[in-house]
Amino acid sequence: MSIFSQIKDFIFHKHGDQIVPATRQPITAEEAIHTSEAIAPATTMADPLPAPVMEQVDVAAILDQENAKRDPKLNWRMSIVDLLKLVGLESDLGVRQALAAELGFTGDLRHSGAMNVWLHKQVMQKLAENGGKVPAELKN
(Lines give C-alpha, C1' and ligand atoms only; values in the text may rest on other atoms or scores of the structure.)
Protein backbone atom coordinates (compact mmCIF):
# COMPACT_ATOMS: atom_id res chain seq x y z
CA MET A 1 0.00 0.00 0.00
CA SER A 2 1.33 3.43 -0.89
CA ILE A 3 2.32 5.88 1.82
CA PHE A 4 -0.35 8.35 0.77
CA SER A 5 -2.97 5.57 0.85
CA GLN A 6 -1.96 4.80 4.43
CA ILE A 7 -2.38 8.46 5.40
CA LYS A 8 -5.75 8.67 3.67
CA ASP A 9 -6.97 5.38 5.12
CA PHE A 10 -6.06 6.44 8.65
CA ILE A 11 -8.02 9.69 8.32
CA PHE A 12 -10.97 8.33 6.38
CA HIS A 13 -11.34 5.26 8.63
CA LYS A 14 -11.31 7.47 11.71
CA HIS A 15 -14.15 9.37 10.07
CA GLY A 16 -15.95 6.12 9.21
CA ASP A 17 -15.82 5.03 12.84
CA GLN A 18 -18.16 7.92 13.64
CA ILE A 19 -20.80 6.98 11.05
CA VAL A 20 -23.46 4.32 11.40
CA PRO A 21 -24.18 3.13 7.86
CA ALA A 22 -27.77 2.65 6.81
CA THR A 23 -28.48 -0.91 5.72
CA ARG A 24 -31.41 -2.82 4.34
CA GLN A 25 -32.80 -5.46 6.67
CA PRO A 26 -33.65 -8.87 5.24
CA ILE A 27 -37.22 -10.06 5.69
CA THR A 28 -38.48 -13.60 5.78
CA ALA A 29 -41.04 -15.07 3.40
CA GLU A 30 -43.49 -15.12 6.32
CA GLU A 31 -43.03 -11.35 6.85
CA ALA A 32 -43.42 -10.75 3.13
CA ILE A 33 -46.80 -12.50 3.11
CA HIS A 34 -48.07 -10.48 6.08
CA THR A 35 -46.88 -7.16 4.68
CA SER A 36 -48.43 -7.75 1.23
CA GLU A 37 -45.02 -7.83 -0.40
CA ALA A 38 -44.50 -10.27 -3.21
CA ILE A 39 -43.62 -13.77 -2.05
CA ALA A 40 -39.93 -14.29 -2.53
CA PRO A 41 -37.12 -16.41 -1.15
CA ALA A 42 -36.53 -16.28 2.59
CA THR A 43 -33.78 -13.68 2.21
CA THR A 44 -35.79 -11.08 0.29
CA MET A 45 -34.63 -7.57 1.09
CA ALA A 46 -37.00 -4.87 2.28
CA ASP A 47 -37.42 -1.75 0.18
CA PRO A 48 -34.00 -0.35 -0.60
CA LEU A 49 -32.91 2.77 1.20
CA PRO A 50 -31.85 5.76 -0.85
CA ALA A 51 -28.15 5.85 -1.64
CA PRO A 52 -26.23 7.61 1.13
CA VAL A 53 -24.99 11.08 0.32
CA MET A 54 -21.21 11.22 0.35
CA GLU A 55 -20.16 13.74 2.91
CA GLN A 56 -16.74 15.28 3.02
CA VAL A 57 -14.35 14.05 5.66
CA ASP A 58 -13.23 16.95 7.88
CA VAL A 59 -9.50 16.24 7.80
CA ALA A 60 -8.50 19.00 10.23
CA ALA A 61 -11.12 17.99 12.80
CA ILE A 62 -10.06 14.35 12.73
CA LEU A 63 -6.37 15.16 12.99
CA ASP A 64 -7.00 17.70 15.77
CA GLN A 65 -9.02 15.06 17.64
CA GLU A 66 -6.18 12.54 17.30
CA ASN A 67 -3.63 15.16 18.35
CA ALA A 68 -5.65 16.01 21.46
CA LYS A 69 -4.95 12.46 22.70
CA ARG A 70 -1.17 12.99 22.48
CA ASP A 71 1.33 14.47 24.83
CA PRO A 72 3.32 16.28 23.61
CA LYS A 73 1.14 17.70 20.86
CA LEU A 74 2.34 17.51 17.27
CA ASN A 75 2.43 20.42 14.83
CA TRP A 76 0.73 18.46 12.02
CA ARG A 77 -0.63 21.64 10.38
CA MET A 78 2.89 22.78 9.49
CA SER A 79 5.09 19.70 9.56
CA ILE A 80 4.96 16.65 7.30
CA VAL A 81 7.11 14.86 9.90
CA ASP A 82 4.50 15.50 12.61
CA LEU A 83 1.65 14.61 10.24
CA LEU A 84 3.25 11.24 9.48
CA LYS A 85 3.81 10.59 13.19
CA LEU A 86 0.21 11.52 14.00
CA VAL A 87 -1.17 8.95 11.57
CA GLY A 88 1.17 6.28 12.92
CA LEU A 89 3.77 6.18 10.16
CA GLU A 90 7.53 6.42 10.24
CA SER A 91 8.72 9.93 9.42
CA ASP A 92 12.39 9.44 8.62
CA LEU A 93 13.99 10.95 5.51
CA GLY A 94 13.72 7.73 3.49
CA VAL A 95 9.95 7.55 4.05
CA ARG A 96 9.53 11.20 3.10
CA GLN A 97 11.64 10.72 -0.02
CA ALA A 98 9.51 7.72 -0.98
CA LEU A 99 6.34 9.77 -0.45
CA ALA A 100 7.82 12.59 -2.52
CA ALA A 101 8.56 10.18 -5.37
CA GLU A 102 5.06 8.72 -5.08
CA LEU A 103 3.46 12.17 -5.35
CA GLY A 104 5.68 13.35 -8.21
CA PHE A 105 8.19 15.65 -6.54
CA THR A 106 10.64 16.89 -9.18
CA GLY A 107 13.01 18.80 -6.92
CA ASP A 108 16.20 17.64 -5.29
CA LEU A 109 15.39 14.96 -2.72
CA ARG A 110 18.49 15.99 -0.76
CA HIS A 111 16.96 19.40 0.05
CA SER A 112 14.63 18.09 2.69
CA GLY A 113 13.34 21.51 3.80
CA ALA A 114 11.89 22.37 0.39
CA MET A 115 10.70 18.81 -0.10
CA ASN A 116 8.97 18.78 3.30
CA VAL A 117 7.04 21.99 2.58
CA TRP A 118 6.02 20.66 -0.84
CA LEU A 119 5.03 17.28 0.64
CA HIS A 120 2.78 18.78 3.28
CA LYS A 121 0.90 20.88 0.72
CA GLN A 122 0.64 17.95 -1.70
CA VAL A 123 -0.71 15.58 0.92
CA MET A 124 -3.34 18.13 1.96
CA GLN A 125 -4.26 18.78 -1.69
CA LYS A 126 -4.55 15.04 -2.41
CA LEU A 127 -6.70 14.51 0.67
CA ALA A 128 -9.02 17.25 -0.62
CA GLU A 129 -9.13 15.63 -4.07
CA ASN A 130 -10.15 12.35 -2.44
CA GLY A 131 -13.12 13.69 -0.51
CA GLY A 132 -11.44 15.44 2.38
CA LYS A 133 -12.46 18.86 3.63
CA VAL A 134 -9.14 20.64 4.09
CA PRO A 135 -8.79 24.30 5.13
CA ALA A 136 -7.50 26.45 2.25
CA GLU A 137 -4.44 27.60 4.19
CA LEU A 138 -3.25 23.99 4.40
CA LYS A 139 -3.56 23.39 0.65
CA ASN A 140 -1.84 26.57 -0.57
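How are α5 and α6 oriented to each other: parallel, antiparallel, perpendicular or oblique?

## Packing of α5 and α6

In this predicted model, the axes of helix α5 (residues 93-103) and α6 come within 10 Å and cross at roughly 55°. An angle of that kind falls outside the ranges under 35 degrees, over 145 and 65 to 115, and α5 and α6 are therefore oblique to each other. The crossing in which α5 passes α6 is left-handed.

On the α5 side, the contact is formed by Leu93, Arg96, Gln97, Leu99, Ala100 and Leu103. The α6 side contributes Ser112, Met115, Asn116, Trp118, Leu119, Gln122, Val123 and Lys126. By residue class, the contact of α5 with α6 divides into 8 nonpolar, 4 polar and 2 charged residues.

## A salt bridge within α6

Lys126, one of the α6 residues in the contact with α5, also forms a salt bridge with Glu129, with the closest N and O atoms 3.8 Å apart. That distance qualifies because the cut-off for a salt bridge is 4 Å. Both residues belong to helix α6 (residues 112-129), where a spacing of 3 residues separates Glu129 and Lys126 by about one helical turn.

The two partners fall into separate accessibility classes. Glu129 counts as exposed at 51% relative accessibility, the threshold for that class being over 50%. Lys126, at 26%, counts as partly exposed.

## Further salt bridges

The structure holds 4 salt bridges in total. Side chains of opposite charge can pair when their charged atoms come close. One of these bridges joins Arg77 to Asp64, and its closest N and O atoms are 2.8 Å apart. Arg77 is located in the loop between α3 (59-68) and α4 (80-86), while Asp64 is in helix α3, so this pair ties together parts that are 13 residues apart in sequence. Arg77 is partly exposed at 31% relative accessibility, and Asp64 is likewise partly exposed, with a relative accessible area of 32%.

Another salt bridge is made by the side chains of Asp108 and Arg110, at an N to O distance of 3.0 Å. Asp108 has a relative accessibility of 28% and counts as partly exposed, whereas Arg110 is exposed, with a relative accessible area of 72%.

How values were computed: Residues are numbered from 1 along each chain as its sequence is written. This is a predicted model: local features need pLDDT of at least 70, side-chain atom pairs count only at pLDDT 80 or more; totals for chains, interfaces and linings use all residues. Side-chain values use heavy atoms; hydrogens and water are left out. Helices (H or I, at least four residues) and strands (E, at least two) are DSSP runs, numbered from the N terminus. Buried means under 20% relative accessible area, exposed over 50%, partly exposed in between (1.4 Å probe, protein chains only). Axes are lines fitted to C-alpha atoms, for helices over the stretch in contact, and angles run from 0 to 180 degrees between N-to-C directions. A crossing is left-handed if the near helix is turned anticlockwise from the far one by less than a right angle, and right-handed if clockwise. Contact means heavy atoms within 4.5 Å. Ala, Val, Leu, Ile, Met, Phe, Trp, Tyr, Cys and Pro count as nonpolar, Asp, Glu, Lys and Arg as charged, and the others, Gly among them, as polar.
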